[in-house]
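Biologist: I would like to learn how to read the features of a model such as this one, step by step. Could we go through it together?

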Amino acid sequence: MDKSKRELLPTNVRPTHYNIFLFPDLEKFTFEGNVDIDLNVNEDSTVITTNAYDMTIHSASITDVASTEKQDATDIKLDATAQTLQLTFANTLKKGSKAKLSIKFTGNLNNEMDGFYRSEYTDSNGQKKYMAVTQFESVYARRSFPCWDEPAIKATFDIKLRAEVEKTTLSNMPIIKEEKLTIDGKEYKDVTFDTTPIMSTYLVAYIVGELEYVETMSNPTSPAEAKPIKVRVYTLKGESSQGKYSAEVTARVLEYFSEYFNIPYPLPKMDLVAIPDFEAGAMENWGLVTFRTVALLFDETKSSAASKERVCTTVAHELAHQWFGNLVTIGWWSDLWLNEGFATFVGTLATDHLNPEWKIFTSFVVDDLQSALNLDGLRSSHPVQVEVNKATEVDQIFDQISYEKGATIIRMLNACLGEQKFMDGIRIYLKRHMYSNTETSDLWKALSESSGIDVETLMGSWIKDVGYPVVTIENYKENNNEFTLSLSQKRFLSSGDMTPEEEAKYATWWIPLGISTHASPNKPIESIFTEKKQEITVPYPEGSNKFIKLNFNETGMYRVKYPEEILKSIGEMIKAGLEDKSKEVIGVSDRIGIIADIFALARNGTEHVDNALELLQYFEKETDYNVLSQIFAKVNDLKSVWYNQNGKLLEALKKLVLKIFSPLAEKYGFEYSPNDNYIEVMTRTLVLKAASVYGDQKIIDEIIRRLELYIKGDNKALNPNLRKLAYTIALSNTTGERAEKFYNDIFHIYQSSDVPDQSLIALQSLGSAKDSKLIKRTFDLALNTELIRLQDIMYCIISLTVENPNVKETRPAAWKWMVENWPIFEERYKTSGSILGHISRLCTNGLNDTEHIKEIEAWVAEKGSKLDIIRRPINQIIERLKGQNAWIKRDNARVQAWAENYLAN
């Protein structure tokens with residue numbers, strides 16, 4: 001990587017310690033501050049450049065520590081574009097000396113969800129209130145105090161906050177002193193926190209607000225020096241009971257990681273805080289983790305099982321960062337994946353440790369793995385290790401590549417090295433680099449030491465190259481109880497139109513094949529595929545029901561293209577195992593992979609959709625939640641892409657879905673039992689959803705009947721796990737006054753629910769209403785910041801272009817609405833690229849006709865550099881839509897013929 005292009009601060013001085021004082025004013029939405037920064041002077045200097053943004057500097061002075069000579073800055077320059085503060089001094093600071101820089105400033109408590117910002121809420125008495133909170137990752141500490149805002153420039157921090165006496169004040173460390181004072185007749189307190197360990201600026205955090213908490217203790221027993229940790233979950237007043245579950249999860253996960261990493265959690269306390277306005281899902285500030293309310297709060301009687309899983313995995317992910325990211329930190333944002341991919345993988349490990357019955361690694365194959373494969377199949381994807389030159393580019397790579405692809409290749413490596421050697425390597429890495437900074441190669445070195453394998457070579461292409469391979473079985477022969485596969489590998493592109501130049505450019509991947517056969521269905525034959533073309537021979541004894549399958553358990557990040565006969569033999573084995581459990585030899589993850597791969601290959605033209613749909617007929621007796629979830633997702637994809645085509649496809653898909661899901665919906669019924677395990681709850685919800693969305697009238701009528709009882713006050717009529725489905729089904733199956741009444745009732749639930757997940761599912765379902773009048777009302781609602789939080793706009797519009805039964809109207813309307821209101825979005829979300837990216841993705845979803853693609857391209861060209869904050873998502877949107885357009889042209893005739901034939905039989 002060319003590090004010379006990075007826009008970094010000069011190295012003439014370096015901070016070692018910050019002493020920060022802040023006094024937020026929640027009426028004027030400003031804060032007064034001063035910071036004293038201890039500096040090491042590395043070169044003779046008269047100019048000091050630090051980061052600062054969106055603030056007024058009142059004064060700056062520097063004191064030579066040895067001579068105590070103090071001088072004021074002769075020139076103070078703020079550069080809003082570079083986000084820097086340049087201070088000039090008359091006398092030279094000598095190389096090798098130590099100095100103290102003091103700056104007095106005023107900042108803005110903005111409402112943009114980054115820096116030191118304000119979050120608004122209404123208390124239980126209906127009063128509008130504010131809290132002051134922080135979000136500094138990736139480059140927003142500079143909005144709160146002048147600092148060297150780069151991850152490699154670590155220092156220690158002393159923080160003091162001034163606040164009204166009744167307010168709770170929190171920071172990374174525990175409080176060591178509180179002093180009361182009176183200003184203009186009003187009582188305040190100055191709260192001083194203990195000094196932090198050495199850490200990066202993006203992990204500093206502080207909060208001032210009216211909060212309450214629940215508390216528990218984490219008692220790690222390993223390693224020997226581990227100490228008990230006080231765990232608190234802070235919420236708005238009256239909501240702390242919803243923090244009990246996450247407090248318990250936190251205590252157990254801290255114990256698990258203390259043992260797994262073999263390093264005690266380094267701080268004396270762990271606070272988690274639910275914040276009403278929050279752009280991301282959560283943020284791993286050391287010792288003070290912040291969350292969207294929906295990612296932290298859970299009500300045992302009112303929340304859904306999906307909400308419980310989200311809370312557990314989010315908490316586990318953020319706690320993994322306390323070691324991997326906070327204790328050992330990336331040197332620069334190009335290695336962001338090292339933070340996020342790793343935390344995603346070990347967060348999943350911790351969730352699996354706490355809840356093995358959730359089968360979370362199987363869900364990983366459906367969700368994280370497929371999500372990574374889908375984005376990374378685009379030309380406009382990016383390598384895992386991606387060059388970031390400007391700090392302002394960082395936010396665009398907080399995406400499925402850094403998180404899900406990162407986690408997927410870590411999972412692949414864990415399987416390849418073996419769990420023990422992998423864990424040993426992680427322990428070496430963390431021990432070696434505690435309190436310092438690293439890059440990807442440091443992790444590879446540690447894992448190579450623990451495993452004896454050259455991990456850097458093994459992982460090279462997975463990290464440095466964009467994309468992933470498709471392994472094709474070009475030929476095969478069977479003789480003398482052996483099976484020889486002739487394999488080739490090349491980059492998988494979802495558009496399928498790779499040029500010979502591109503093909504020559506991509507390196508070969510080191511691919512762990514994991515070959516299972518009838519002779520060894522549960523213990524794969526391990527083989528690494530390292531060439532463009534390679535022959536591999538495996539034992540293949542005589543026997544009935546013979547099969548061969550690559551990528552056992554779907555631990556590898558690649559697709560497989562099978563010849564028709566091999567695919568058919570796998571299909572037959574799946575069918576036999578579903579009809580008689582004792583004959584099951586192809587496991588759940590492998591079944592998911594077979595479905596996912598053939599549909600992806602159909603999308604890029606290597607296969608045909610009709611062949612993929614034929615394959616689904618082997619799954620008619622499927623009962624596993626995760627496999628059913630994958631089938632439902634793939635059929636929905638097809639329905640979404642083909643939404644605007646004439647013909648019988650949608651009718652045939654309805655028949656196909658109902659054939660699989662209606663008997664299951666009948667079997668599971670509507671009654672959830674307290675004894676149901678997580679998978680049973682999720683399966684019941686899924687099968688009822690699939691049957692009702694695809695038109696099973698009996699299920700639709702019963703869901704609506706139950707919803708009407710629930711609206712009248714019978715809470716038992718509609719289980720929390722069914723509510724989102726009930727709202728969606730009622731709105732998408734009614735019109736006129738009846739639809740309007742449902743809409744009003746569901747909107748009231750959104751406004752009045754005291755449980756975050758239940759409030760948001762009500763909001764999310766409003767976009768399912770098919771009446772034009774209600775569609776317009778939802779678009780208007782999405783813009784209304786009095787009724788919808790800035791962060792929640794996606795919930796408001798997602799169903800309009802995804803689940804609405806009237807997408808022929810809503811999709812073009814969403815695009816038009818987005819273009820008309822883009823100036824509003826640009827202003828509201830000028831620092832929230834992730835939300836702007838979501839808006840643009842949702843409002844262009846499925847517009848795959850040539851006319852709309854041209855319109856979108858023209859709009860993008862007209863906007864020019866104004867879209868740089870979402871350049872990657874925009875390129876991905878256009879590439880996806882063009883790919884869909886080509887797919888329809890290529891496969892439409894075959895698909896419609898399949899539909900006619902399927903309906904006739």
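**Reading strands, rings and spaces**

Modeller: Strand 1 and strand 2 form a hairpin with 4 residues between them, and in the turn F29 has a positive phi of about 60 degrees. Please keep in mind throughout that this is a predicted model.

Biologist: How many bridges join strand 1 to strand 2, and in which sense do the strands run?

Modeller: Strand 1 (residues 13–25) and strand 2 are joined by 12 bridges and run antiparallel; to find the register, one may take P24, whose bridge partner in strand 2 is F31. Strand 2 also pairs with strand 8 (residues 98–108), again in the antiparallel sense and over 11 bridges, and there the bridge partner of D36 is S102 in strand 8.

Biologist: Which side chains of strand 2 point to the buried face, and which to the other?

Modeller: Along strand 2 (residues 30–41) the side chains alternate, with F31, G33, V35, I37, L39 and V41 pointing to one face, where they are buried, while T30, E32, N34, D36, D38 and N40 point to the other face and are not buried.

Biologist: What is the strand order in the open sheet of 3 strands?

Modeller: The order is 3-7-6, with antiparallel pairing. Strand 3 (45–51) and strand 6 (75–79) are the edge strands, each of them pairing on one side only, and the twist from one strand to the next averages 20 degrees. Between strand 6 and strand 7 (residues 84–93), which run antiparallel, there are 5 bridges, and K77 stands opposite Q86 in strand 7.

Biologist: Let us turn to the rings. How should I describe a pair of aromatic rings?

Modeller: In general, one gives the distance of the centres and the angle of the planes. In this structure a search of the whole model finds 44 aromatic pairs. In one of them, F361 and F364, the ring centres are 6.0 Å apart and the planes stand at 45 degrees, so the pair is tilted; planes under 30 degrees apart would count as stacked, and those over 60 as edge-to-face. Both F361 and F364 belong to helix 4 (residues 360–376), and because they are 3 residues apart, about one helical turn separates them. F361 and F364 are also buried.

Biologist: Where in the chain do W462 and W509 lie, and how are their rings arranged?

Modeller: W462 and W509 form a tilted pair, with 6.3 Å from centre to centre and 55 degrees between the planes. This pair links distant parts of the chain, since W462 is in helix 8 (residues 455–464), whereas W509 is in the loop between helix 9 (500–505) and strand 25 (511–512), 47 residues apart. W462 has a relative accessible area of 0% and is therefore buried, and W509 counts as buried because its relative accessibility is 1%.

Biologist: Which residues lie over the faces of F29 and Y643?

Modeller: Over the face of F29, the residue we met in the hairpin turn, lies R118, at 3.9 Å from the ring centre. Over the face of Y643 lies R811, at 4.4 Å from the ring centre.

Biologist: How does one find the empty spaces?

Modeller: The general idea is that rolling a probe the size of a water molecule over the atoms shows where empty space is left. Here the second largest pocket holds about 1300 Å³ of space and is lined by 40 residues, of which E120, Y121, T122, P276 and R789 lie nearest its centre. Strand 9 (115–122), strand 10 (128–135), helix 18 (736–752) and helix 19 (756–765) are the elements that give two or more residues to this lining, and strand 9 gives the most, with 6 residues.

Biologist: How many cavities of 30 Å³ or more does the search find, and what lines the largest cavity?

Modeller: The search of the whole structure finds 2 such cavities, and the largest cavity has about 50 Å³ of space. Its lining consists of V560, K561, Y562, L567, I594, D597, I598, L601 and E607. Strand 31 (559–561) and helix 11 (588–603) are the elements that give two or more residues to the lining of the largest cavity, with helix 11 giving the most, 4 residues.

Biologist: Finally, is G452 buried or exposed?

Modeller: G452 counts as exposed, because its relative accessibility is 71% and the cut-off for exposed is over 50%. G452 is placed in the loop between helix 7 (440–451) and helix 8.

Technical notes:
Residues are numbered from 1 along each chain as its sequence is written. This is a predicted model: local features need pLDDT of at least 70, side-chain atom pairs count only at pLDDT 80 or more; totals for chains, interfaces and linings use all residues. Side-chain values use heavy atoms; hydrogens and water are left out. Rings of Phe, Tyr and Trp (its six-membered ring) pair if their centres lie within 6.5 Å; planes under 30 degrees apart count as stacked, over 60 as edge-to-face and the rest as tilted. Buried means under 20% relative accessible area, exposed over 50%, partly exposed in between (1.4 Å probe, protein chains only). A charge sits over a ring if NZ of Lys or CZ of Arg is within 6 Å of the ring centre and within 35 degrees of the ring normal. Two strands pair if DSSP finds at least two bridges between them. Axes are lines fitted to C-alpha atoms, for helices over the stretch in contact, and angles run from 0 to 180 degrees between N-to-C directions. On a 1 Å grid over the protein atoms alone, a cavity is a set of points where a 1.4 Å probe fits but cannot get out, and a pocket is an open set with protein on both sides within 12 Å along at least five of seven lines; lining residues have an atom within 4 Å of a point. Grid points are joined across faces, edges and corners, and a volume is the space filled by probe spheres set on the points.
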